[in-house]
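Here is a short report on selected backbone and surface features. Please view the model alongside the text.

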Amino acid sequence: MAFRYLRRALLVVVPAALLIGGLAAAYALDDPEEGRVGRNVTVAGRPVGGMSEEQLAGVVQQVAARFADARVEVKAPGGGFTTDTRAMGVAVQVEPTVEAAMGFDRRGSALDRFGSWLRSFLGARPAPLRLSVDAAAVHKVVSSQDPGPRRPPREPTIREQDGRLRALEGAPGNGIDPADVIDKLPDAASRGLPITVEVDRGSVDPRFSMDDAARLAREGEELTASGLDVKAASQEATVPPATLRSWLRSMPTDAGLQLTVDAPAAAADLSKLLTKTDPPPKDASFTVVGDQVSIVPGQPGLGCCADAAGEVAGQAVISRVRHRVDLPLKEVEPEVTAVDLSLLGIKELVGTFTTNHAAGQSRVNNIHLIADMVRGQIIKPGETFSINRLTGERTKEKGFVVAPVIEEGKFEDSVGGGVSQFATTMFNAAFFAGLDIPEYQSHSIYISRYPYGREATLSYPKPDLVLRNPSPYAVLVWTSYTDRSITVSMFSSKWVESVQTAQTSESRGGCKLVRTERTRTVLADRSTMVDRVNALYRPGEGVKCT
């Protein structure tokens, strides 16, 4: 019985040993020829077995040329997309691919080489195709062409918090993962053209880590530690570290997570820090020559900052600039332009009046000074104008001097004496220009250089002279003077004719009340408006009305 079992075992083992021995002998006799590619090896689907290294290199170069602009199909659950190797930065590396193909049956352990030789009889053996892949290009293509559903990952970033830069963690997205595409490209390419890459759809990790963001935050802290000295025209300032840090952002690039600058935010902060203009803009204005009014165009100024200033300052931070940085300036347009003034309807002389005075008196200084303050004032339709609101109290600090005034019916001396003559002149110009005169007060004693019953005095805070513009056009107040006279003129578009049509007087408690009638005729329809101004005169100095 034992002999029978032994005989059966020998019938199995001896043939197997003979087979293995025969295969080993055949392998020894079939050793690949030196400098030749192994049996049944392929490169991108093309047979190269038995070729010399030179022949193989020629084939690989042809393959590389075909792959230079080859179609790439990315398949994934729910839908993929088609692109090409050029867009993904995929290229065949000729020398490494030749080396990989020549390595068949020649590398690894003896058992590995024997196994490789055995497989050469079973069918084609694809040689690995060595590729260079532009990872950034693959990320860009996948992000833009993945048909979805896709939620891009949020890369870690940095932000200023309480004056310090902090790293903020990113978050995974969802869709086709560019890293999966990169991993599977070589095997897919080795199977030939078109390149078909099959991947799953799932979580997509950020390209960069919290360590990358933390490194960037430390770099930004160091770059901004000393602030930044800046200059815009004649202004100089130092941007504090916390403000600089608020400009910094992180930006994913091919070279890694990099510092960048929020240029619009930087430009806005610089404009708040450097607020002056040098030179300042000059508003458009009116000028008068004789009785002709014209517009003087405005002029732009220069100020901080041009749009490029944010980029200039930001790059100075990132580039470690330590000298004072000159910022590009922008033109600052005037608030009032020639177009604005042209729309006001100020075109012609509509009312003027002149009063005379003796030359060389101290009061003349005050008349001229208040005339300079009022010249160029514009009263828009429906608006009121108050001399006291414009000029404030007449004081020595403003240049006014002591001169005669009438107070409580008596002649006294006071700072600002003489300004009532200006008020009377302006009162009469407004009377004939057709303006309303809602607030005024006549002198308590009649002065012969003024129109009888048609004049006004001025003190602070009362009495005041207030005018209102009832017309549809703005009114320009223009003043001029000589050593012996003061003139107030008003320019607008003429819409009424305003004239004195009557004057009456009556006794009032020992004083005289004078009523002066004015008629305004509207030019458009010839309708009329009649109003009156009043003056109450005492018979002499120190006399009171009863």
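Asn40 has a relative accessibility of 35% in this predicted model. Buried means under 20% and exposed means over 50%, so Asn40 counts as partly exposed. Its place is in the loop between α1 (2-29) and β1 (41-43). The backbone of Asn40 is worth a look: phi is near 60°, a positive value in a residue other than glycine.

Most residues other than glycine have a negative phi.

Ala44 also departs from that pattern, with a positive phi of about 55° although it is not a glycine. Ala44 sits in the loop between β1 and β2 (46-47). Is Ala44 buried or exposed? Its relative accessible area is 10%, and the limit for burial is under 20%, so Ala44 is buried.

Next come the peptide bonds.

Most peptide bonds are trans. The table lists two cis bonds, with the loop that holds each proline.

| Cis peptide bond | Omega | Place of the proline |
|---|---|---|
| Gly148 and Pro149 | about 5° | Pro149: loop between α6 (135-145) and β8 (157-161) |
| Tyr460 and Pro461 | about 5° | Pro461: loop between β27 (436-439) and β28 (466-468) |

Now to helix α15, which covers residues 419-433. How many of its 15 residues are buried? The count is 14 of the 15, so α15 is largely enclosed by the rest of the structure. What span should the helix have? At 1.5 Å a residue, the 15 residues should span 21 Å. The expected span is 1.5 Å times one less than the number of residues. The end C-alpha atoms of α15 are 21 Å apart, so the model agrees with the expected span.

An α-helix has 3.6 residues a turn, so residues three or four places apart point the same way.

Gly434 follows α15. The phi of Gly434 is positive, near 90°.

The last topic is surface charge. Which residues gather in a patch of negative charge? They are Glu407, Glu412, Asp413 and Glu541, and the patch lies on the surface. Glu412 belongs to strand β26, residues 410-415. With a relative accessible area of 37%, Glu412 is partly exposed, because this value falls between the 20% limit for buried and the 50% limit for exposed. Patch members need over 30% relative accessible area, so Glu412 at 37% passes that cut-off.

How values were computed. Residues numbered from 1 in each chain as written. Predicted model: local features only at pLDDT ≥ 70, side-chain atom pairs only at ≥ 80, totals over all residues. Heavy atoms only, no water. Patch = residues over 30% accessible without salt bridge, like charges linked within 9 Å, V, L, I, M, F, W, Y side chains within 5 Å. Areas by Shrake-Rupley, 256 points an atom, 1.4 Å probe, with all protein chains shown as cover. Salt bridge = Lys/Arg side-chain N within 4 Å of Asp/Glu carboxyl O. Lys, Arg positive; Asp, Glu negative; His and termini not counted. Charge placed at Lys NZ, Arg CZ, Asp CG, Glu CD. Helix = DSSP H or I, 4+ residues; strand = E, 2+ residues; numbered from the N terminus. Buried < 20%, exposed > 50% of the residue type's maximum accessible area, 1.4 Å probe, protein only.
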